[in-house]
Every structure is written in C-alpha cells, then in structure tokens.
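Take a first look at the model below. The paragraphs after it lead you through the structure step by step.

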Amino acid sequence: MAERFDLIVFDWDGTLMDSAAAIVRAMQAAACDLALPAPSDERARYVIGLGLGDALRHAVPELAEADYPRMVERYRHHYLSRDHELVLFEGVAEMLAGLAGRGRMLGVATGKSRVGLDRALGHTGLGTYFHSTRCADECFSKPHPAMLEQLMDELGVPPERTLMVGDTTHDLQMAKNAGTAALAVSFGAHPVAALEAESPLACVHRPHELARWLFEHA
C-alpha cells in the first residue's frame with residue numbers, strides 16, 4: 001500500500017502519555033486550594049488539550065481574573081508533584097520507533113507549555129523521535145489550526161499528507177480547521193460519542209490498536 005501520510009502529529013496528554021486522570025486531579029485540587037467549587041471529572045476532562053489559561057477558565061468558571069495566577073500556580077504545584085509517576089501508554093515508544101524507521105516525520109501539538117513538554121520529553125526519552133513540536137504557550141490554543149499550520153510549514157508537508165492523532169474533540173477540530181486528516185483515540189480524555197461526532201478517519205480504543213492502525217493505514 002502506498003504511504004498516505006508523510007507527517008504524523010500526536011497530541012501528548014491522553015494520547016501518548018496516560019496523564020488525563022492526573023490533570024483532572026490537579027485541577028480539582030487547585031480549585032479547592034482557592035476555596036472554589038471543584039470541577040466534575042467530566043468538566044475537567046473536557047478542557048484537557050486546551051492551553052492552561054483557557055482550560056482553567058472553562059473548568060472553573062467561578063475563578064476571578066485576579067485569582068488566575070494563583071490558580072495556575074496551584075495547578076502546576078499539584079501536577080508537577082506527581083508527574084514523575086506518569087507513564088506512557090503501553091507500546092508508545094515502540095510505535096514511534098517503528099514509524100520513524102519507516103521514514104515518517106513525527107510531531108507533537110499539545111496544550112502543554114514548552115517547559116512542560118520538554119520536561120515530559122526528557123523524562124520519557126522520546127525527544128529524538130520528533131522532528132518538531134508546538135505548545136500552547138507558543139501558538140493559539142486548539143482548536144485553532146496554528147500548531148498544525150506551523151508544523152506543516154516548517155517541515156514542508158501539505159495538509160493532505162498530514163495526520164493528526166488525538167484524544168479530544170479539540171484535536172480533531174484543529175485538524176479539520178487545518179485541512180488535515182485526523183485519527184481519534186478513545187483511551188484518553190473525551191468519550192467515544194463526542195470523538196466520532198467529529199468524523200475522524202477512525203476511532204481506536206486501545207494503545208496497541210493505535211499502533212496497528214498507523215502501521216496498516218498511515
């Protein structure tokens with residue numbers, strides 16, 4: 001089968017790293033620190049993938065603008081105190097190695113900050129696999145297409161040869177806005193029905209199914 005995509009761009013949290021639950025817990029703990037109502041699991045999961053500012057404002061609508069820096073500080077405190085315990089989904093390193101071995105260019109488009117992504121890449125040792133990455137503090141937040149547009153421009157790959165892989169509707173909508181194909185994974189933050197409503201090429205339900213789909217179809 002002819003290669004369909006030259007560039008495969010991955011979201012990070014909930015797609016490559018099993019971190020959605022930790023993000024939810026950190027948001028809830030930060031809200032409690034400020035004596036604000038803690039967001040429900042569902043509400044907190046919905047904002048995963050957005051830039052931190054947008055995420056916290058949506059997850060905790062009671063947050064006063066003047067309290068935003070304190071909320072960010074408390075969220076980062078709770079998340080970073082446990083982030084060394086987070087693990088990649090099973091088979092992710094082998095999947096990336098296999099795709100790189102087949103000559104695919106790989107990228108990351110994430111709601112994490114640059115400091116946060118570099119920290120995660122350092123912990124996991126995956127940095128060498130990625131040709132380029134974009135973070136929410138460098139671009140407009142998802143679902144704006146800027147992250148994908150900048151990656152495609154930098155790497156010289158057109159939209160029709162680019163695939164976005166993510167676990168949220170924000171990822172899939174970003175792909176749609178950038179004119180690229182999208183593949184959904186349902187083992188991260190957003191439910192299957194919401195993902196399928198965005199009409200991705202497919203929605204895979206387990207990490208090993210993601211690797212198999214990419215090796216067979218990408």
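Helix H5 is a good place to enter this predicted model. It spans residues 92-101 and lies across two strands, E1 and E2. Strand E2 covers 105-110. The direction of H5 makes an angle of about 160° with E1. A second helix, H7, covers residues 146-155. H7 lies across E1, E2, E3 and E4. Its angle to E3 is about 155°.

Now turn to the sheet itself. It is open and has 6 strands, with parallel pairing. Reading across it, the order is E3-E2-E1-E4-E5-E6. Which strands stand at the edges? They are E3 (132-135) and E6 (203-204). Each has a single partner strand, so one side of each is left without a neighbour in the sheet.

Look next at the pairing of E1 with E4. E1 holds residues 7-10, and E4 holds residues 162-166. The two run parallel and are joined by 4 bridges. One residue pair to find is Leu-7 and Thr-162: the Thr in E4 is the bridge partner of Leu-7.

Step back to the whole chain. The domain assignment divides it into domain 1 (7-19 + 87-217) and domain 2 (20-84). Domain 1 is therefore written as two stretches, with domain 2 listed as 20-84. The centres of the two domains, taken over C-alpha atoms, are separated by 23 Å. How many residues of domain 1 are in contact with domain 2? There are 16, and they meet 17 residues of domain 2.

The pockets come next. The largest pocket holds about 540 Å³ of space. Its lining is made of 30 residues. Nearest its centre lie Tyr-75, Tyr-79, Lys-112, Ser-113 and Gly-116. Four helices give two or more residues each to this lining: H1 (20-33), H3 (52-59), H4 (68-80) and H6 (114-124). Which of the elements gives the most? It is H6, with 6 residues. Both domains take part, since domain 1 and domain 2 each supply at least three residues to the lining of the largest pocket. By class, that lining has 15 nonpolar, 9 polar and 6 charged residues.

The second largest pocket has a volume of about 170 Å³. Its lining includes Ala-22, Arg-25, Ala-26 and Ala-29. His-78, Tyr-79, Ser-81, Arg-82, Glu-85 and Leu-86 also line this pocket. H1 and H4 are the elements that give two or more residues to the lining. The largest share comes from H1, with 4 residues. By class, the lining of the second largest pocket has 5 nonpolar, 2 polar and 3 charged residues. Tyr-79 links the two pockets in the reader's search: it is among the residues nearest the centre of the largest pocket, and it also lines the second largest.

Two details of the backbone close the tour. Most residues other than glycine have a negative phi, and most peptide bonds are trans. Against that background, find the peptide bond from Lys-142 to Pro-143, which is cis, with omega near 10°. Pro-143 sits in the loop between E3 and H7. Then find Ala-35. Its phi is near 60°, a positive value in a residue other than glycine. Ala-35 is placed in the loop between H1 and helix H2, which covers 41-46.

Technical notes. Residues are numbered from 1 along each chain as its sequence is written. This is a predicted model: local features need pLDDT of at least 70, side-chain atom pairs count only at pLDDT 80 or more; totals for chains, interfaces and linings use all residues. Side-chain values use heavy atoms; hydrogens and water are left out. Two strands pair if DSSP finds at least two bridges between them. Contact means heavy atoms within 4.5 Å. Axes are lines fitted to C-alpha atoms, for helices over the stretch in contact, and angles run from 0 to 180 degrees between N-to-C directions. On a 1 Å grid over the protein atoms alone, a cavity is a set of points where a 1.4 Å probe fits but cannot get out, and a pocket is an open set with protein on both sides within 12 Å along at least five of seven lines; lining residues have an atom within 4 Å of a point. Grid points are joined across faces, edges and corners, and a volume is the space filled by probe spheres set on the points. Ala, Val, Leu, Ile, Met, Phe, Trp, Tyr, Cys and Pro count as nonpolar, Asp, Glu, Lys and Arg as charged, and the others, Gly among them, as polar. Domain bounds come from an automatic or database domain assignment.
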